[in-house]
Structure formats: structure tokens, C-alpha cells
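Student: I have a structure open and would like to talk it through with you. Can we take it piece by piece?

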Amino acid sequence: MRYAYYPGCSLHATAIEYNLSAKAVAKHLGLDLWEIPEWNCCGASAAHNTDHLLALALPARNLALAEKEGLDVAVPCAACFNRLRAAEAAARESEKMRVRLAEIIEMDYRASNRARAFLDIMVNEVGLQAIETMVVKPLTGLKVAAYYGCLLVRPPKITAFDDPEDPQTLDKLITSLGGTAVPWACKTECCSASLSLPRTDMGLKMVYEILRHAKEAGADCLVTACPLCMSNLDMRQAGVEARYNVKLGLPVFYFTELMGIAFGYAPKDLGVPRHFVNPIPLLEAREILRHPATRREQG
Amino acid sequence: MKERLELAATLNRDRELLDRVQRASGVSVKDCYQCGKCSAGCPAAFAMDYTPRQVIRLLQLGMVGEALKSHTIWVCAHCQTCYTRCPKEVDLPRLMEALRQEAKKAGFIAEKNIDIFDRAFLSSVERYGRVHEMGMMIQFNLQSLQPFKDALLAPPMLLNRKLNILPEKIKDGGAVKRIFAKVRAGNQGGDEH
Ligand code: SF4
Ligand code: SF4
């Protein structure tokens with residue numbers, strides 16, 4: 001299986017561990033990723049707050065570069081995925097828009113390829129069975145709240161991925177890695193995304209609601225597929241604890257990190273120790289890392 | 001009688017503006033039957049002055065200026081919950097986006113820091129082709145006059161190589177700069193998109 005790979009800006013900076021772990025598990029499962037050369041930023045929310053056409057043209061350039069190679073695009077970042085899908089849909093819906101976009105990006109663009117969420121590719125193309133056979137350090141005893149956030153599942157017409165109110169993809173993945181996915185209420189609640197920078201007060205409240213529900217559901221960690229969600233839930237967790245005077249102590253993982261750990265990679269090769277809420281004590285307490293399997297070196 | 005006349009005058013004045021917003025967003029405000037489902041599930045409603053349902057009501061009543069001045073159109077997180085649940089498929093996030101763009105043109109910026117953030121982000125993208133998170137955060141902090149905002153987060157991020165000191169600049173032969181330029185030129189020419 002070969003895909004064009006669009007990491008997006010976050011995976012080259014704040015979400016460096018998502019990039020490391022996504023590439024490691026892709027290689028492990030025989031997925032061939034071709035990183036789009038000289039890819040550009042999708043524009044994120046700043047572009048669509050500012051100009052609709054700009055918000056479509058920026059992602060379209062990346063889609064067109066992959067289309068030239070005849071490849072679908074694997075996108076780990078849920079926010080980028082949403083923007084790429086929106087551009088694709090706009091070009092498919094209106095021939096006038098497609099022509100306009102092609103003219104702006106100065107490239108032929110037929111909207112013949114698709115952006116796929118990395119999670120979607122893992123679970124629905126590689127498949128849970130293939131993933132299960134790779135598990136050497138099962139996540140036994142780890143109680144995980146699967147957090148999907150907004151942009152992976154909404155709006156369903158654009159993302160066409162799982163149920164927008166009660167999605168199951170991440171939950172099933174956790175189960176096949178040997179962990180326990182706890183049922184909880186905030187799977188698709190909004191974490192405030194990039195608003196947490198200009199309006200930190202809003203962000204802290206929204207993040208608090210999510211973390212509090214995860215804790216009350218008995219989870220000892222969360223798993224996500226989005227760098228924006230990660231930075232809000234992980235980086236701002238200490239701020240939430242201070243403001244609401246609570247102790248949460250909930251590590252947050254990218255799903256690719258949990259896959260890598262279950263496949264036997266050392267957490268440091270996946271970038272896991274870079275998190276703000278250190279997940280290593282939890283992994284040690286559940287004796288996941290001590291499981292008698294050989295350690296894999298990253299090639 | 002007098003009140004009715006005033007209402008009619010407001011309607012006329014804002015008619016053109018409303019048409020523009022409806023065209024840009026693809027939303028027809030008449031579609032909304034005010035059930036309130038959007039507001040009930042909106043995760044940002046606690047920070048809004050008008051709920052999402054009320055914003056549509058303002059537009060239905062022709063009070064477009066009031067909507068443009070609201071905080072709501074800025075603090076909407078574009079989470080798409082309302083659009084996903086609306087029984088009439090009213091694309092509220094697109095409507096908020098169109099209102100925000102009109103508000104900027106009219107000089108109504110109820111949430112200055114959100115606007116500064118968006119501009120800092122896009123100027124980084126225009127310059128480098130990618131967003132340089134550290135440069136963007138510094139620019140945001142300086143322009144929003146809070147130089148030490150989140151300063152405690154920076155050292156661990158640098159230590160963990162989560163922030164790059166230097167931007168990544170792509171070699172696209174100026175393609176991204178031209179995307180920005182063409183979109184701007186199109187807007188000045190008054191094109192619809
Ligand atoms: S859910 Fe839809 S129809 Fe109901 S009030 Fe909101 S926008 Fe109007
Ligand atoms: S898209 Fe905006 S208005 Fe709609 S539910 Fe989300 S935050 Fe509220």
C-alpha cells in the first residue's frame with residue numbers, strides 16, 4: 001500500500017512525536033509513505049476565518065501534488081485532514097470552483113484522489129487483524145478514553161468517517177492492542193482548538209470538561225488523533241489543574257504511540273517522553289513496558 | 001406604527017449586507033425555524049453574547065449590524081456540532097465565517113486577540129509556506145501586548161524540540177505567495193466565490 005504523506009506543520013514541531021510514531025508504525029506494517037515534496041500549510045482555521053477561497057486553495061496545492069503521482073493522501077493531523085477534505089469536496093461539487101482552484105495553484109487539479117485520515121487507513125485498510133498480529137506488548141489493564149474531537153468526524157458529509165456522535169474506530173483499535181476503551185460522554189466534544197491561544201480562559205474551561213469526564217469514566221489516560229487536541233489536553237492540563245484546583249494527572253497519547261508501544265518499540269524512539277504529562281509512570285504501573293518481548297530498534 | 005417604520009428602514013439598510021453574507025455562506029437564513037438545537041449543543045455558547053440561534057434570528061430580523069458587532073462570530077470554534085445536528089442543515093459555521101469576514105471589512109472586531117492570532121498565523125504561512133509556531137507565537141504575544149503569555153510553556157517545549165527556533169521555508173518557487181496574491185487580487189476585483 002502506497003500513500004502520499006502530508007504531515008502538516010504541527011508534526012514538524014509541537015507534534016513531533018506524532019510524526020515519529022506514525023512513520024514507525026507505518027513502516028512496521030509495510031505501508032509505503034511518500035512525503036509530498038515542498039508541501040505547504042493547509043491554512044488551518046486562520047485561513048477559513050479570513051477567506052474562503054484561500055482556505056480551499058492552500059490545501060488544493062498539496063492534493064494536486066499527490067494527484068500527479070496518482071496517490072491518495074495519508075493525513076495524521078485531524079485538522080489538516082478536515083481542510084484537505086473540504087477543498088476536495090468543493091472542487092468535486094463545482095466545476096467552476098475546480099477550474100478556479102487549478103488556476104490559483106497553477107497546477108492541473110482534477111480532484112481525482114482522496115485525503116484519508118491516517119487512523120482510517122490503519123483501521124480500515126491495513127485492518128485490525130493485521131494490527132493485532134503485531135502486538136507483542138499488549139496494553140493489558142490500560143483504561144483509555146478514546147477522544148475523537150471535532151474535525152475527524154464532523155461535518156460527516158465532508159469527513160465521511162465514522163459516526164459523528166458515537167464513533168468507534170479508536171475504541172476498536174485500543175481493544176485490538178489489548179487495552180480497555182472506557183465508555184464516556186465527551187468523545188466528540190470540542191477542545192477549543194486554536195482558540196486556546198487567543199482565548200486561554202475559554203480553552204481551559206472546555207479542556208477541563210473533557211478531562212473531568214474522562215476521569216469520572218474511570219480512564220487513566222486519553223488517546224487522540226489530533227495535534228491541536230493533544231496540545232490542549234496535554235500542554236494545558238497543568239493550567240486546568242491550577243485554575244479548577246483539581247488533580248487530574250491524565251497522560252494523553254497519539255494512537256500511533258500506543259500502536260508503537262504495543263508493537264514493542266521503546267517509548268523514547270516514539271517521542272513519548274516529550275509529553276507534558278509524563279506517561280511513563282502509568283505504563284510502568286501497568287507493567288506494559290516490562291512485558292517479556294524483545295525491544296525493537298527504530299530503523 | 002412608528003416602530004414598524006423603523007424596522008422597515010433597518011431592513012432596507014441591511015438588505016444588501018445580508019444578501020452578501022447569504023451568498024458567501026450558501027446559507028439562507030429563512031431555512032432556520034428557531035428550534036435551538038444548535039445552541040443547546042454549542043460548546044462555546046458559554047462565552048457568547050448571542051447564542052447561535054439568536055445570531056440567525058438577528059439576521060432574520062434584518063439586524064445584520066448587531067450580528068457583526070457580536071462576540072459570537074469570533075468565539076465560534078468551528079466545531080461543526082450545530083451543523084451536524086441541525087434538522088434544517090443550516091451551515092452555521094460557514095455563516096459565522098462569512099459574518100466574521102464582513103465584520104472585518106466594516107471594522108467591527110469584537111475579539112481583537114483572535115484577529116491578531118489569525119493574522120500572525122497567515123503571515124507566517126505567506127512568508128514561509130508553512131507556519132512557524134514559535135515565530136507566530138512571539139508575534140501574537142507582542143501584538144496582543146502580553147509578552148510573557150505562556151512563557152512557562154516555552155522552555156520545556158524547546159528542550160523537547162517541540163519548538164523550532166528557525167522557520168522551515170519551502171522551496172515552492174513562490175507558489176504559496178502567488179496563491180495569497182491571486183486571492184487578494186480576486187477580492188479587489190469584487191469576484192464572488
Ligand atoms: S438547529 Fe438549525 S433550525 Fe434549529 S435553531 Fe439552530 S440553525 Fe435554526
Ligand atoms: S460551530 Fe460554532 S456555533 Fe456551531 S456548535 Fe461549534 S462553536 Fe457553536
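Student: Let me start with a pair of residues: are B:Glu111 and A:Arg199 buried or exposed?

Tutor: Both B:Glu111 and A:Arg199 are buried, and I should say at once that this is a predicted model, which applies to everything we discuss here.

Student: What do B:Glu111 and A:Arg199 form, and how far apart are the closest N and O atoms?

Tutor: They form a salt bridge in which the closest N and O atoms are 2.9 Å apart. B:Glu111 sits in the loop between H7 and helix H8 (112-128) of chain B, while A:Arg199 sits in the loop between E6 and H9 of chain A, so the pair joins two chains.

Student: How many salt bridges are there between chain A and chain B?

Tutor: The count between the two chains is five salt bridges. Another contact of this kind brings together the side chains of B:Lys182 and A:Glu106, with an N to O distance of 3.0 Å. Counting polar contacts across the interface of chain A and chain B, with both residues at pLDDT 80 or more, gives 20 residue pairs.

Student: Which helices of chain A supply residues to the side that touches chain B?

Tutor: Those that each supply at least two residues include helix H1 (16-28), helix H3 (52-68) and helix H9 (200-216) of chain A. By class, that side of chain A has 27 nonpolar, twelve polar and 15 charged residues.

Student: And how many residues does the contact take from each chain?

Tutor: It takes 54 residues from chain A and 60 residues from chain B. The two chains bury about 5,400 Å² between them, and 60% of that is on carbon and sulfur atoms. Within chain A, the residues that lose the most area to chain B are A:Asn49, A:Leu197 and A:Arg274, which together account for 12% of what that side buries.

Student: Changing topic to the ligands, which residues are closest to ligand 2?

Tutor: The shell around ligand 2 holds 13 residues, and the closest are B:Cys42, B:Cys76, B:Ala77, B:Cys79 and B:Cys82. Helix H6 (81-85) and helix H7 (92-106) of chain B are the elements that give two or more residues to that shell. Its classes are ten nonpolar, three polar and no charged residues.

Student: What about the shell around ligand 1, how does that divide by class?

Tutor: The shell around ligand 1 divides into seven nonpolar, two polar and three charged residues. Among the residues around ligand 1 are B:Cys32, B:Cys35, B:Cys38 and B:Cys86, along with B:Lys37, B:Arg53 and B:Lys88.

Student: Chain B keeps coming up, so how many helices and strands are there in it?

Tutor: Chain B has eleven helices and zero strands. Of its 193 residues, 47% are buried. Among the contacts in chain B with a separation of 6 or more, 65% are between residues 24 or more positions apart.

Student: Back to salt bridges, this time in chain A: what is the partner of A:Lys187?

Tutor: A:Lys187 forms a salt bridge with A:Asp166, and their closest N and O atoms are 2.8 Å apart. This pair links distant parts of the chain, with A:Lys187 in the loop between strand E6 (180-181) and H9 of chain A and A:Asp166 in the loop between H7 and H8 of chain A, 21 residues apart.

Student: Why does A:Lys187 count as buried?

Tutor: A:Lys187 counts as buried because its relative accessibility is 5%, which falls under the 20% cut-off. A:Asp166, by contrast, counts as partly exposed, at 41% relative accessibility.

Student: Which residue does A:Asp120 form a salt bridge with?

Tutor: A:Asp120 forms one with A:Arg116, the closest N and O atoms being 2.9 Å apart. A:Asp120 counts as buried at 10% relative accessibility, and A:Arg116 is buried as well, with a relative accessible area of 13%.

Student: Last one: where does A:Ser176 lie, and what is it in contact with?

Tutor: A:Ser176 lies in helix H8 (residues 169-176) of chain A and is buried, with a relative accessible area of 9%. A polar atom of the A:Ser176 side chain lies 2.9 Å from the backbone oxygen of A:Leu173. Leaving aside neighbours within four places in sequence, A:Ser176 is in contact with A:Leu128, A:Ile131, A:Glu132 and A:Val135.

Conventions
Residues are numbered from 1 along each chain as its sequence is written. Chains are lettered from A and ligands numbered from 1 in the order in which they are written. This is a predicted model: local features need pLDDT of at least 70, side-chain atom pairs count only at pLDDT 80 or more; totals for chains, interfaces and linings use all residues. Side-chain values use heavy atoms; hydrogens and water are left out. Contact means heavy atoms within 4.5 Å. Buried area is the accessible area (1.4 Å probe) that two parts lose on being put together, summed over both. A salt bridge is a side-chain nitrogen of Lys or Arg within 4 Å of a carboxyl oxygen of Asp or Glu. A polar contact is a pair of N or O atoms within 3.5 Å; within protein, one must be able to donate a hydrogen and the other to accept it, and residues adjacent in sequence count only if both atoms are side-chain atoms. Helices (H or I, at least four residues) and strands (E, at least two) are DSSP runs, numbered from the N terminus. Ala, Val, Leu, Ile, Met, Phe, Trp, Tyr, Cys and Pro count as nonpolar, Asp, Glu, Lys and Arg as charged, and the others, Gly among them, as polar. A residue is near a molecule or strand if one of its heavy atoms lies within 4 Å of it. Buried means under 20% relative accessible area, exposed over 50%, partly exposed in between (1.4 Å probe, protein chains only).
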